[in-house]
Structure formats: C-alpha cells, structure tokens
Amino acid sequence: MRKRPKKQLMVFSGRANPGLAQEVAKQLGTELVPTSAYDFANGEIYVRFEESVRGSDAFVIQSHTSPINENIMEHLLMVDALKRASAKRITVVMPFYGYARQDKKHRGREPISARLVADLFKTAGADRLICVDLHTDQIQGFFDGPVDHLMAIPVLSEYVDQRYGDQDLAVVSPDAGRIKVAEQWSKRLGGAPLAFIHKTRDINRPNETVANRVVGDVENRVCILVDDMIDTAGTITKAADALKAAGAAEVVIAATHAILSEPAVEKLQACSAREVIVTNTLPISADKEFEGLTTLSIAPLISAAIHEVFEDGSVTSLFGGRAGPS
C-alpha cells in the first residue's frame, strides 16, 4: 500500500496588496511563492509561478483594489495557471471582493455583477473562496463551492474597546440595513446601546445619500459608527455630522475596507469624526493617509482562516461558531 503524500501549503500573491500577503505568509511560517507578473504593451497581463505547484494546497491572495478590473483579471489568471499546473486544491483569498455592491437588480436591464465575479472564479478553477466582510451575506450563495466569510469585527472591536471602552458608548449603523452588524458590535462592547441613521438614496446617483435623522439615544456618548467600506465617504461623513448635531460627545468611524476614492480623504478630514479606524484589506497609499486614520492588520485573521482550511479544521470556530455577520 502506498503512503499518502504529505499535504503542501503554498501561498501566492498578486501585485495588488503584496504587503498584506507577505504578512499572512509570515504568520503561517512560510514564504510567498516567487511569481513573475507583468503587463504587455497593450495592457494584457502575464503570470507565471517560478516553482512547481503540483499537488499543492494553493491559497491565492489578491485584493480587488484600483485598478479593480486589472486586479481581478490578474487574480483569475493566477487561478487558471494553478489549475493548469495541477495544484490539488485552489483557494481564492479575497480580502476585498470586487463588484460586491452589485448583488441584485435595482432596475431592469442591470447586471448582477457580484454573481458574475463568482462564476468567473469558479470557471477559472477555484475550489473555495475566503472573503472578509462581504457587502451582503447572499454573495456566499453565488459561488458554487465553500465560501468562508470572515468578519473583521474581532480586530476592530478589540481596538475600540481598549481605546474607548471606559467611556459611555453607543454603536451606530449608518443605515437600517446594517443593524445586525451593529448588534454584534454592541455585544462585544459590553451591551452598548444601538442607534442608526435614517437615510435616503437616489438609485440614479451612485455614492450619494442624504442623512435624514438619528434614531436612538446618542447624546453625550462616544458614538462608534460602523460600516463595511468607505468609498467616497459621503455616507459615513454625513452620518458623523448628523450624530454630532444630535448631541454625540465624539464620533469614531470604524470600517473594514478603506477604498478611499476621491474625495474621501478630504471629506474625512473635514467631518466631525475624532478617529477613522480601518483594516488593511486594501492597500492605503501614502497620499491617502491623514491624521486621525488608524489602520489595523487583518493578516492574523486571514492566516488563522487559511490554517484552519489547510488542516481541515473549522473556520467558524474563529467567530464562536458564527458563519457570517448577520
């Protein structure tokens, strides 16, 4: 009888966020597989791995940051290269899932782009996805295979508790749709009361909202305003200003994904928030850093999830048995 070969963990990174990938690999006690990647003159992407990957348990890390279409394409090409090089299992690690906001049709003749992205990775050869704070939980069902939905709440809430836990807190959702996430925050912050911002959004004008009023008691409290992403920062800064107008003592913004499209930095600097806390699921360039911005590493969470997947353990055990933030 032949002995079963020993499993081999290999970690790969695209060019979008190599710093995060290197940190993940280091915490796993390994190194990133050397990779050649460059663009042809016409913009086409070339990818090749410099080591044999045959029979490996491959984890391919790529953040879908700007330029998002190029980075998604590079991610797909890496998966295809692994499939054609006979990797045993391919796990796509998406710290930020591109096109996640387009998860349903608001009007006729629109695409459901989040589903298309899932289909593309399945076709390329992905066996499994690891994602961090998806825009909506339903995206897990778009991929025909296992999806590990990691939550950044443990990373963010631990920092908030250490820094502001001795003060009267309130957890605030920027809209009614994220109340369940705010509830999880409340449990981790000693049962802090909840509030939310009642807002309206024009579906014909993306990235624009109107903060109407604060629902809940926030007066004289340090309000922890929680969201999954900050893009142009219009929603979150209007919410912060609305909280100050409603009598909040301080406003602290906590979000997982710092997209920070223009003019996000200017809006965040000008708004009422005392501190903006994000993670490094997306790279933050030097020109987007500002006083009051705190970036926490998501690498310990991702590396722990990769370890559990590789050892056939339980990823949900990292969150007390919960499979997602809802």
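**Exercise 1.** In this predicted model, determine in which helix S157 lies, whether S157 is buried or exposed, and which residues S157 touches beyond four places in sequence.

*Solution.* Begin with the secondary structure: S157 belongs to helix α4, which spans residues 153–164. Next, consider accessibility. The relative accessible area of S157 is 3%. Buried means under 20%, so S157 is buried. Finally, list the contacts. With residues up to four places away in sequence not counted, S157 touches W185, R188 and L189. Two of these names, W185 and L189, return in the next exercise, among the residues with the most contacts inside the largest nonpolar core.

**Exercise 2.** Describe the largest nonpolar core: how many residues has it, which helix gives the most to it, and which residues does I224 touch?

*Solution.* The largest nonpolar core has 42 residues. Those with the most contacts inside this core are F59, L150, W185, L189, I224, I302 and I306. Helix α8, residues 299–310, gives the most to this core, with seven residues. Now take I224. Setting aside residues up to four places away in sequence, I224 touches V160, L169, A170, V171, V172, W185, L189, V252 and A254. A second, separate core has 33 residues, including V60, M78, L82 and C131.

**Exercise 3.** State the order of the strands in the open sheet, identify the edge strands, and work out how β4 is joined to β5.

*Solution.* The open sheet is formed by five strands in the order β1-β4-β5-β6-β7, with parallel pairing. The edge strands, each pairing on one side only, are β1 (9–13) and β7 (147–150). On average, neighbouring strands of this sheet are turned by 20° against each other, direction ignored.

Turn now to one pair within the sheet. Strand β4 comprises residues 57–61 and strand β5 residues 89–94; the two run parallel and are joined by five bridges. A58 has I90 as its bridge partner in β5, while I61 stands opposite V93 in β5. As to burial, β5 is mostly covered, with five of its six residues buried.

**Exercise 4.** Characterise the packing of helices α1 and α8 by axis distance and angle, orientation, handedness and the residues that meet.

*Solution.* Two packed helices are described by the angle between their axes and the distance between the axes. First, the axes of α1 (residues 18–27) and α8 come within 9 Å and cross at roughly 55°. Second, this angle is neither under 35 degrees nor over 145, and is outside the range 65 to 115; α1 and α8 are therefore oblique to each other. Third, the crossing of α1 past α8 is right-handed. Fourth, L20, E23, V24 and Q27 in α1 meet A299, P300, I302, S303 and I306 in α8. I302 and I306 are also among the residues with the most contacts inside the largest nonpolar core.

**Exercise 5.** Locate N17, decide whether N17 is buried or exposed, and name its contacts beyond four places in sequence.

*Solution.* N17 lies in the loop between β1 and α1. Its relative accessible area is 11%, which places N17 among buried residues, because the limit is 20%. Leaving aside neighbours within four places in sequence, N17 is in contact with Q62, S63, N280, T281, L282 and P283. For a distance, compare T136: N17 and T136 are 119 residues apart along the chain, and their C-alpha atoms are separated by 23 Å.

**Exercise 6.** Which peptide bonds ending at P67 and P263 are cis, and where do Y99 and N220, residues with positive phi, lie?

*Solution.* Most residues other than glycine have a negative phi, and most peptide bonds are trans. Start with the peptide bonds. The bond from S66 to P67 is cis, with omega near 0°; P67 is in the loop between β4 and α2 (68–84). The bond joining E262 and P263 is also cis, with omega about 0°, and P263 is in the loop between β12 (250–258) and α7 (264–270).

Then examine phi. Y99 has a phi near 65° and is found in the loop between β5 and α3 (113–124). With a relative accessible area of 32%, Y99 is partly exposed. N220 has a positive phi of about 60° and lies in the loop between β10 (209–215) and β11 (222–230). The relative accessibility of N220 is 57%; exposed means over 50%, so N220 counts as exposed.

Key
Residues are numbered from 1 along each chain as its sequence is written. This is a predicted model: local features need pLDDT of at least 70, side-chain atom pairs count only at pLDDT 80 or more; totals for chains, interfaces and linings use all residues. Side-chain values use heavy atoms; hydrogens and water are left out. A nonpolar core is a set of buried Ala, Val, Leu, Ile, Met, Phe, Trp, Tyr and Cys residues joined through side-chain atoms within 4.5 Å. Buried means under 20% relative accessible area, exposed over 50%, partly exposed in between (1.4 Å probe, protein chains only). Helices (H or I, at least four residues) and strands (E, at least two) are DSSP runs, numbered from the N terminus. Contact means heavy atoms within 4.5 Å. Two strands pair if DSSP finds at least two bridges between them. Axes are lines fitted to C-alpha atoms, for helices over the stretch in contact, and angles run from 0 to 180 degrees between N-to-C directions. A crossing is left-handed if the near helix is turned anticlockwise from the far one by less than a right angle, and right-handed if clockwise.
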